[in-house]
Each structure stands twice: as C-alpha cells, then as structure tokens.
Amino acid sequence: MGKLPHQLQYFLRDTHFNFKSGTDLESTPNDAKLANIAAEIIRTTQVKKGICVDLDAGDGSLAIELIRGADLRVICFEQDRARMEEGRKKFKKAGIYGSRVTVHHVSRLQHLPRRFANLVLSQASLKSEEQKFDTSLLDILRPSGGIALV
C-alpha cells in the first residue's frame, strides 16, 4: 500500500478523545462541593482523558464537574428515569450531550460492555455511607490501568 494523502492520514489518527464541540459550561451552574470532589478524583486517579462511567449518575452534576476539569467522555447510567431525564436536560443545555456525555436508563447494571472504561465511579455513592457496589461491574474497566472508585 502506497503513502496515504495527508488528509487521510489525519483521519486515521483521529479519535473521539480529541473531539471538541461548542459547550456552554461557563453558564451552567457550578456545584462547588462536587467541583472539589471532581478535582480530587482527577488528582488522585490521574485519569484526565478517556472514558468515565458514572453508575447511578443521578442528575449528572458530578459528570459535568468531571468534564469541566478533564478531557473525559462520561457515560452515565441511571436507574431512576426522572433523574435520567433531569441529567439529560442539564447536559443538552450545557451543549455537551452526545459529544462529551451520554445518559442511559437501565433497570440493572449487569449487561454492560467489557473492558472499555478508564474510570468507573458512582455519584450516588458520594451521598451514601453504605457502599453497595457490585464488584462484577469491574469487568467494564479497561485492562492495564482502568480505575474504579468505590
């Protein structure tokens, strides 16, 4: 195979990790407590880009603060349909829905793809002293470096 044209070479190296789109995060209200938690998560884990999975994401406030602080794509899973819709509206208003974050309603967190996430966490676990994390979900972490905060 001969040398590819410069434009084609660029697209062969392009990934969704360096995709940028217009956002309106500046006008999105900042949750100071969650902003500090997100900054601590980023500092502690050193995960600054890649895919983050938020299990029981609630209204998506933690996802927004993680996106503010790092170049992450966040996939939110929520079992409460009303909370999921609240998060989706918040993401759309900020201009990040689809490009930096998605949210999915699930009845159970059991049938997720394997080995893709750089970071797995749960906004719901921040509000509860009781840890009820299903360790079988660790299978969604990417090999050699995926981190779960439980």
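Which elements make a right-handed β-α-β unit with H3? They are E1 and E2, with helix H3 as the third part of the unit. Helices (H or I, at least four residues) and strands (E, at least two) are DSSP runs, numbered from the N terminus. A crossover is right-handed if, with the strands pointing away from the viewer, the path from the first strand over the helix to the second runs clockwise.

This is a predicted model, in which local features need pLDDT of at least 70 and side-chain atom pairs count only at pLDDT 80 or more, while totals for chains, interfaces and linings use all residues. Residues are numbered from 1 along each chain as its sequence is written, and side-chain values use heavy atoms, with hydrogens and water left out.

Strands E1 (residues 49-55) and E2 run parallel and are joined by seven bridges; two strands pair if DSSP finds at least two bridges between them. One bridge partner is given by lysine 49, which is matched with aspartate 71 in E2. E2 is also joined to E3, again in parallel, by five bridges. Here valine 74 has valine 101 of E3 as its bridge partner. Between E2 and E3 the chain crosses through H4, and this β-α-β crossover is right-handed. Six of the eight residues of E2 are buried (under 20% relative accessible area, with exposed meaning over 50% and partly exposed in between, for a 1.4 Å probe and protein chains only), so E2 is largely enclosed by the rest of the structure.

Now to the crossing helix. H4 covers residues 81-94 and has 14 residues. From first C-alpha to last it reaches 20 Å, close to the 20 Å expected at 1.5 Å a residue; the expected span is 1.5 Å times one less than the number of residues. Its buried residues are Met84, Gly87, Arg88, Phe91 and Ala94. Seen down the helix axis, these buried residues fall within an arc of 130°, so they line one face of H4. The arc is that of the directions from the helix axis to the C-beta atoms. An α-helix has 3.6 residues a turn, so residues three or four places apart point the same way.

What do the buried residues of H4 pack against? They pack against helix H3 (61-69), strand E2 (71-78) and strand E3 (101-105), where contact means heavy atoms within 4.5 Å. On the other side of H4, Ala82, Lys89, Lys92 and Lys93 are exposed.

Just after H4, glycine 95 takes a positive phi of about 75°.
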